[in-house]
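Please look over the protein shown below before reading the notes. The points that follow are grouped by topic.

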Amino acid sequence: MTIDSSIHQENAIPVGQVFDVDSRTGFMPPQPPIRRLPATWEEWEAMLDAAIAGGFKCGDAADLTEEDAERSESWRAQVRKMPVLPVNGALTSCPLLLRRGHLVLTFLLHYYVQTLPVDVSILIPRSIAIPVLRVSNVLDIPPLLTFSDTVLYNWEYKTAPSSANPDGGVEAPQLDNLRSQTTFSGLADEEEFYLCSARIELRGVEALELMRQTMDEMFVGDEIAVRRISAYLKTMASVINELKTLLLDVRKQCDPERYYSLVRPWFRGEDSDLKKRKWVFEGVEDEQDLSPPRELSGPSAGQSSIVHVLDVFLGVDHQSKNSNKPSFMSRMLTYMPRNHRLFLKHLSANPRPLRSFIVSAQDEELLDSYNKAVLALKEFRDAHMIIATLYIIGPARRAARAAMAGAAQIDSGAEPTPPGKAGEPLKGTGGTDLVKFLKDTRNRTGATMIS
């Protein structure tokens, strides 16, 4: 495995070309994604512009007014009248256009679905349904918003870099020189939520290089190599600790209550719908090359390639004990860009995994360095639990109590259905039992340490 060269295995593979992993930006593209599609697909862009300018609220927003509902329905009516634009060779032959197309269409889809009244069925109009299915089929990812849409392919520079590196390449983006291209709410809180993950992806590039160096030394396997691997793993622990700090820094510019009530609802997929409504894609039955999608979970940190890579490299096992049901982390692989999945598959196929090498080496310093790297990843997941409690679990419980109290006060006879109500586990945007998932993931990481 490598970023800018070849691995020491029988068939060396240039990772940067095959796996779309850049030596400076890792899993993020080396240049900001395009901001707009060409004129052929301008109607998609214009409709997204209208949604953003409309300042819409979700259909279950507590402060939704009749005027709010009428404005979003007027926009949805325009979407229903929009023609089915072509997904032709001009689009499918260009990865940059495909990624922008997926972002625009899935933002439109989520605007449409989440602004619907909560008591109506979800029928995604043909004008969105057919092209988003076609684009998603080419990209080999599900037809709804993913981590790659909100983070990897949704950034630009605040200030364009003034110079290139001496070798002619463009410098890696500075972590404080990023901004998001597209948001639902227009709030700084939403942008910071995306940028927090973007900074983690970029800072994780050093971990990718450390993995390359470690695997090169494992191929050699002598005493000097063991000493070098120990040093690389110590550095990796430090890098992972920095990722933890970046994760916790989201608290500086993202308010938990605003995030929970004004940002997070836009991310919901079919399996997070409060009324358990199915998403029906209009016209799919009329298209021989299309079929109804089976994976419709919203964007999740579980779709982050850098976190999966750390797990695979350090030997954290997230596989489901039930062979008939894939684990959440395994399911989230299908939401990643295809080339990144191939990269993870390639890394997983390493004939000499790091953890096995550590066990067989029987070197105290090496073992200590490895355990410190795993501990750092476990502490990163501790931080994730802190953030989840602050931004999701706490606000959900407060919203549930407020809804129950409100219903009792007005005695409307309607049963409130706040997320996290008694008897129902609180779901993450990926559709999981959030608390159980976070605890299990953290515990599996901790159990990877070698005693």
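In this predicted model, D140 sits in the loop that joins α6 (126-139) to α7 (147-152). The phi angle of D140 is positive, at about 65 degrees, although D140 is not a glycine. With a relative accessibility of 37%, D140 is partly exposed, because that value falls between the 20% limit for buried and the 50% limit for exposed.

**A second positive phi angle**

- Q362 is a residue other than glycine, and its phi is also positive, near 50 degrees.
- The position of Q362 is in the loop between α15 (354-361) and α16.
- Q362 has a relative accessibility of 73% and therefore counts as exposed, since exposed means over 50%.

**The protein as a whole**

- The secondary structure is made up of 17 helices and four strands.
- The protein has 451 residues, and 51% of them count as buried.
- Among contacts with a separation of 6 or more, 79% join residues that are 24 or more positions apart.

**Confidence of the prediction**

- The mean pLDDT of the protein is 90, and 88% of the residues reach 70 or more.
- In residues 1-14 the pLDDT is below 50, and this stretch makes 40 contacts in the model beyond near neighbours in sequence.
- In residues 410-422 the pLDDT is also below 50, and here the model has 19 contacts beyond near neighbours in sequence.

**Helix α8 and D189**

- Helix α8 covers residues 188-203, which is 16 residues.
- What span should α8 have at 1.5 Å a residue, and how far apart are its end C-alpha atoms? The expected span is 22 Å, and the end C-alpha atoms are 22 Å apart, so the two values agree.
- Of the 16 residues of α8, 13 are buried, so the helix is largely enclosed by the rest of the structure.
- D189 is part of helix α8.
- The relative accessible area of D189 is 4%, so D189 is buried, because the limit for buried is under 20%.
- A polar atom of the D189 side chain lies 2.7 Å from the backbone nitrogen of D255.
- Apart from neighbours within four places in sequence, D189 is in contact with Q253, C254, D255 and R258.
- D255 thus appears both in the polar pair with D189 and in the list of contacts of D189.

**E270 and its loop**

- E270 is located in the loop between α11 (256-263) and β4 (279-281).
- Is E270 buried or exposed? E270 is buried, because its relative accessible area is 17% and buried means under 20%.
- The side chain of E270 reaches the backbone nitrogen of W279 at a distance of 2.8 Å.
- Not counting residues up to four places away in sequence, E270 touches R277, K278, W279 and L296.
- W279 is therefore named twice for E270, as the residue whose backbone nitrogen is reached and as one of the residues touched.

**P299 and G269**

- P299 belongs to the loop between β4 and α12 (305-314).
- P299 has a relative accessibility of 7% and so counts as buried.
- How far apart are the C-alpha atoms of P299 and G269? They are separated by 8.1 Å, while the two residues are 30 residues apart along the chain.

**H384, a residue with an annotation**

- An unreviewed UniProt entry carries the annotation "binding site", and this annotation covers H384.
- H384 lies within helix α16, which runs over residues 364-410.
- The relative accessible area of H384 is 25%, so H384 is partly exposed.
- Leaving out neighbours within four places in sequence, H384 contacts L247, A301 and L438.

**Cysteines**

- How many disulfides are counted when the sulfur atoms of a cysteine pair must be within 2.5 Å? The count comes to zero disulfides.
- C58 is buried, because its relative accessible area is 6%.
- C94 has a relative accessible area of 23% and is therefore partly exposed.

Key: Residues numbered from 1 in each chain as written. Predicted model: local features only at pLDDT ≥ 70, side-chain atom pairs only at ≥ 80, totals over all residues. Heavy atoms only, no water. Helix = DSSP H or I, 4+ residues; strand = E, 2+ residues; numbered from the N terminus. Buried < 20%, exposed > 50% of the residue type's maximum accessible area, 1.4 Å probe, protein only. Polar contact = N/O pair within 3.5 Å; in protein donor to acceptor, adjacent residues only side chain to side chain. Contact = heavy atoms within 4.5 Å. Expected span 1.5 Å × (residues − 1). UniProt positions renumbered as here; feature names shortened; annotations may be inferred. Disulfide = S-S within 2.5 Å. pLDDT = per-residue confidence, 0-100.
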